[in-house]
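Student: I keep meeting labels and cut-offs in structure descriptions. Can we test some of them one by one?

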Amino acid sequence: VTDGDDFDAFERDGWATNSADAYDRVLGLVTRHVIDDLLDAAHVRAGCRVLDVATGPGYVAGRAAERGATVVGVDRSPQMLELARRAYPALRFVEADAESLDGAGDNFDVVVANFLVLHLGHPERAIAAMTRSTAPGGYVAVTAWSPPERARLFGVFGDAVRAAGASVPAAIPAGPDFFRFGDDRELSALLASAGLVDVAVRAIDYLHPIADAAQLWWGMSEGTVRTRALLQLQPEPMRRAIRAEFERALEPYRSAGGGFAVPVSVKLASGRR
Ligand SMILES: C[S@@+](CC[C@H](N)C(=O)[O-])C[C@H]1O[C@@H](n2cnc3c(N)ncnc32)[C@H](O)[C@@H]1O
């Protein structure tokens, strides 16, 4: 058993037991922002056969279907699949691991994964499986968060943990750096490792509106996996200290109209089989 296997088991359990509602109502608003860029990078248009890997609540699958594509969505979290099926009852959703996608079909014109690769113990295995599911000449496209100096929505949380002096509990398995694929070279090397060609990486920057700090805290502390575990395993006074630092770190992003406008940055990579 490698660290990657331990981390994968931890992530699998986390996505099956966290609050899918908190994910959908807070973080899903952030991930949805780049869907059209992702589908454009993969040349999704009417008539395409699209596989959406790690579909979560089904956002990318739903949007691809609106473009007239025939879509299959895959995830390994039963509660995420339940949300997806409820939101998009006409689409096909399959429970499968990104490392073995055979049950979803093959020969897709396009295989996409919005914010999957940073959650994997063995990301190169998933990209290889996604590439095998792609028809020759078809496209693979994925996203990940930029480094925390640019993806401030997540950076503020890391800053708060450090400022409070909290440490990562030993019960959380060592996993890959959450921001590893914010590095263009790492992300393009990942796609190239599966033999994809014409690999391109670009950044997408935007401001994300947050009604109040409590809403973002709820999303981060209930709707995530690593962050949720990190907070749950702290003693209550430390949790309160992290929250106070988190609110302090958000202050620079107060917007004139009330609430906050927090910078987000995403790396989008695409390649062709
Ligand atoms: C950050 S969410 C992204 C969801 C959606 N794509 C979006 O844009 O909001 C990550 C999703 O990946 C799924 N996931 C994580 N590891 C997976 C794996 N190895 N195979 C399939 N799905 C996985 C989780 O269950 C979760 O739904």
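**Labels put to the test**

Student: Why is Asp36 called partly exposed?

Tutor: Its relative accessible area is 29%. Buried means under 20%, exposed means over 50%, and partly exposed is in between, with a 1.4 Å probe and protein chains only as cover. The value for Asp36 falls in between, so the label fits. Arg63 also gets this label, at 29%.

Student: Where do these values come from?

Tutor: This is a predicted model, where local features need pLDDT of at least 70 and side-chain atom pairs count only at pLDDT 80 or more, while totals for chains, interfaces and linings use all residues. Residues are numbered from 1 along each chain as its sequence is written, and side-chain values use heavy atoms, leaving out hydrogens and water.

Student: What makes Asp36 and Arg63 a salt bridge?

Tutor: The rule asks for a side-chain nitrogen of Lys or Arg within 4 Å of a carboxyl oxygen of Asp or Glu. For Asp36 and Arg63, the N to O distance is 3.0 Å. That meets the rule. Asp36 is in helix H3 (residues 35–41) and Arg63 in helix H4 (residues 59–66), so the pair ties together parts 27 residues apart in sequence. Helices (H or I, at least four residues) and strands (E, at least two) are DSSP runs, numbered from the N terminus.

Student: Why can such pairs form at all?

Tutor: Side chains of opposite charge can pair when their charged atoms come close.

Student: What separates Arg162 and Asp159?

Tutor: About one helical turn, because they are three residues apart in helix H7. They too form a salt bridge, with the closest N and O atoms 3.0 Å apart. Arg162 has a relative accessible area of 59%, so it counts as exposed. Asp159, at 30%, counts as partly exposed.

Student: Which residues do shared salt-bridge partners join into one network?

Tutor: Asp36, Asp40, Arg63, Glu66 and Arg67. The whole structure has 23 salt bridges.

Student: How do you know that Asp97 and Arg12 form one of them?

Tutor: Their closest N and O atoms are 3.5 Å apart. That is within the limit, so the pair counts. Asp97 lies in the loop between strands E3 (92–95) and E4 (108–113), and Arg12 in helix H1 (residues 3–17), so parts 85 residues apart in sequence are tied together. Arg12 is partly exposed at 40%.

Student: What does Asp97 do at the ligand?

Tutor: An N or O atom of its side chain is 3.3 Å from a nitrogen atom of the ligand. That fits a polar contact: a pair of N or O atoms within 3.5 Å; within protein, one must be able to donate a hydrogen and the other to accept it, and residues adjacent in sequence count only if both atoms are side-chain atoms. The side chain of Tyr23 has an N or O atom 2.6 Å from a ligand oxygen. For Thr31, the distance from a polar side-chain atom to a ligand oxygen is 2.7 Å. The ligand alone exposes 590 Å², and the protein buries 98% of that (Shrake-Rupley method, 1.4 Å probe; for residues, only the protein chains shown count as cover).

Student: Which residues come nearest to the ligand?

Tutor: Tyr23, Thr31, Ala54, Asp75 and Ala98, out of 19 around the ligand. Near means a heavy atom within 4 Å.

Student: Why is Ala54 called buried?

Tutor: Its relative accessibility is 19%, so it falls under the limit for buried. Ala54 lies in the loop between strand E1 (49–53) and H4. Its phi is near 60 degrees, a positive value in a residue other than glycine. Most residues other than glycine have a negative phi.

Student: Is Lys267 buried or exposed?

Tutor: Lys267 is buried, because its relative accessibility is 5%. Its place is in strand E7 (residues 260–272). Its side chain makes a polar contact of 2.6 Å with that of Asp184.

Student: And what makes Thr224 buried?

Tutor: A relative accessible area of 10%. Thr224 sits in the loop between H9 and H10. A polar atom of its side chain is 2.6 Å from the backbone oxygen of Met220. Beyond its neighbours within four places in sequence, Thr224 is in contact (heavy atoms within 4.5 Å) with Asn18, Leu27 and Gly219.
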